[in-house]
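Reader: I've got the coordinates open and a few labels I'd like to challenge. Can we go through them one at a time?

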Amino acid sequence: MFSQLRRAAVVVATGVLLSGAALHGGAQAAPTTTDEAPSAQLATLREAASTSGKFIGTAVADHRLSDATYSGIAAREFSSVTAENVMKWESIQPQRGSFNWAGPDRLMQFAQANDQQVYGHTLVWHSQMPGWLANGNFGATEMNEIMNTHISTVMGRYQGQINRWDVVNEAFNEDGTLRNSKWLQVLGRDYIANAFRAARAADPDAKLFINDYNTDGINAKSTGLYNLVRDLRAQGVPIDGVGFQSHLILDQLPSDYQANLQRFADLGVEVVVTELDIRMQMPSDAAKLERQSQQFARVVQACLNVSGCSGVTVWGFSDRDSWVPGTFPGEGAALPYDDNYQPKPAYNGILTAFGGTPGGGDPGPGPGPGADCTAAYQVANRWNAGSVVDVRVTARQALNGWAVTFTLPAGESVTSHWNTQLTQSGTTVTARNVAHNATIPAGGTLNFGFQTNSGAVYSAPVVSLNGTACTAATG
């Protein structure tokens, strides 16, 4: 059974130091006993969401599934997964009649192994078409046959295994008229109804969605979508749900976001936030990240307040993998984890909105805080203009490659390091193994060191091993 408790606990490292060593930065805190030290088991996002009867999902990048840190977070934190690209037409049917199932099958196996729902994305879309389809000269009869065959083949392979499908994606212009896509040009506006009917025939149990962006508030585009859904349902077209992509900009969350979700729900359809991210002008800073956290929480709360809203999916979870910087130059930091797969304030915004408690809650069954590792973060030497730090991490399980992360105060920079490949991004430091210390046996200890440019006084940071926070070593 999937553990519903987040194994990465937040623990403040205040352990006893070796004789003659000073706590990094000279933190002025007396050593505490184990009973006095703060420890907390964070609920996972998926556990917190489930208590409200909602799902929390993420888009999954196929090429990242082999990364243990990435796949571990995707499995632990999310109850629903969406294929970022491998179910789009150019990936799944690159040549007419030739289907590539490798990526979709990997996602299905991942979801089944981790007790997750799957959100299918996407069947009929004007973008990411393979060349044979985009450039082909087809009449209406042939084009309709191509569409129906694709829908029946893809949905038929996964019949009964995929909970929801984006049947038609991004069909509208900003003014609320239908996009002049190849589908509209060749088949007319009936292509939407025909696609939904074909989808229902292919998998009668899947919930069928129409999905679009910039429809988050009440505006011309969302009203065009609203009118279409209302009219097609009145004609008996099997539209079960509406997806709101919610690719948002910091401080531009529509004030009528919840009201907009509610008016669609009032049509009798399910509503889902399907591709949530909140981008900002770079560089990010603490104030921006805090506002972002509040705005993620507002989106989740809107879904909670609308009984017809079944869940929220973020479009990826780490800034490292986000589509935003490549599409919007100068913007980024749009997701709840940073470039090093460490949770940002946005993570806690989502968690608390769903009713989770950062730094607290009933730990329940399963491994306790930091059960996978203990860490000693010790300053071997410190002076006014610098410090030398030694880090030792003992792993409960055997490792073949490792990454240790922690944060330093603003202005504190690493100037040299040893026994590690070390990088620093802002305040976040990531230390990775080198060739000679990549393999660590169960119960073994890895160690590395570095020098900084400051001897300032501050508390020791939390040390995480492969994405899981460690308990502080004592003695």
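Reader: Which hand does the crossing of helix 9 and helix 10 have, left-handed or right-handed?

Author: Right-handed. Keep in mind that this is a predicted model. The residues touching there are Ser 222, Thr 223, Leu 225 and Tyr 226 on the helix 9 side, with Asn 260, Arg 263 and Phe 264 on the helix 10 side. Sorted by type, that contact has 3 nonpolar, 3 polar and 1 charged.

Reader: And why are helix 9 and helix 10 called roughly parallel?

Author: Look at the angle: helix 9 (residues 220-234) and helix 10 (residues 257-265) pack at about 15°, with axes 10 Å apart. Angles under 35 degrees count as roughly parallel, so the label fits this pair.

Reader: What makes helix 2 largely enclosed by the rest of the structure?

Author: Just the tally: 8 of the 10 residues of helix 2 (residues 68-77) are buried, so the helix is largely enclosed. Buried here means under 20% relative accessible area. The buried set is Thr 69, Tyr 70, Ser 71, Ile 73, Ala 74, Ala 75, Arg 76 and Glu 77. As for what covers them, they pack against helix 1 (45-50), strand 1 (55-60), helix 4 (102-113) and helix 13 (345-353).

Reader: What counts as a polar contact at the start of helix 2?

Author: A side-chain oxygen of Asp 67 comes to within 2.9 Å of the backbone nitrogen of Thr 69. The cut-off is a pair of N or O atoms within 3.5 Å, so this pair makes it.

Reader: Why is Gln 128 called partly exposed, while Tyr 341 is called buried?

Author: Put both against the cut-offs: buried is under 20%, exposed is over 50%, and partly exposed is in between. Gln 128 has a relative accessible area of 24%, so it is partly exposed. Tyr 341 has 4%, so it is buried. Gln 128 sits in the loop between strand 3 and helix 5 (131-134), and Tyr 341 in the loop between strand 10 (331-332) and helix 13.

Reader: What is phi at Gln 128 and at Tyr 341?

Author: Positive, in residues that aren't glycine: about 50° for Gln 128 and near 60° for Tyr 341. Most residues other than glycine have a negative phi.

Reader: Where are the cis peptide bonds at Thr 122 and Pro 283, and what is omega?

Author: One joins His 121 and Thr 122, with omega about 0°, and Thr 122 lies in strand 3 (residues 117-125). Another runs from Met 282 to Pro 283, with omega near 5°. Pro 283 is in the loop between strand 8 (270-281) and helix 11 (286-305).

Methods. Residues numbered from 1 in each chain as written. Predicted model: local features only at pLDDT ≥ 70, side-chain atom pairs only at ≥ 80, totals over all residues. Heavy atoms only, no water. Axes fitted to C-alpha atoms, helices over the stretch in contact; angles between N-to-C directions. Helix = DSSP H or I, 4+ residues; strand = E, 2+ residues; numbered from the N terminus. Parallel < 35°, antiparallel > 145°, perpendicular 65-115°, else oblique. Left-handed = near helix turned anticlockwise from the far one by under 90°. Contact = heavy atoms within 4.5 Å. Nonpolar A, V, L, I, M, F, W, Y, C, P; charged D, E, K, R; others polar. Buried < 20%, exposed > 50% of the residue type's maximum accessible area, 1.4 Å probe, protein only. Polar contact = N/O pair within 3.5 Å; in protein donor to acceptor, adjacent residues only side chain to side chain.
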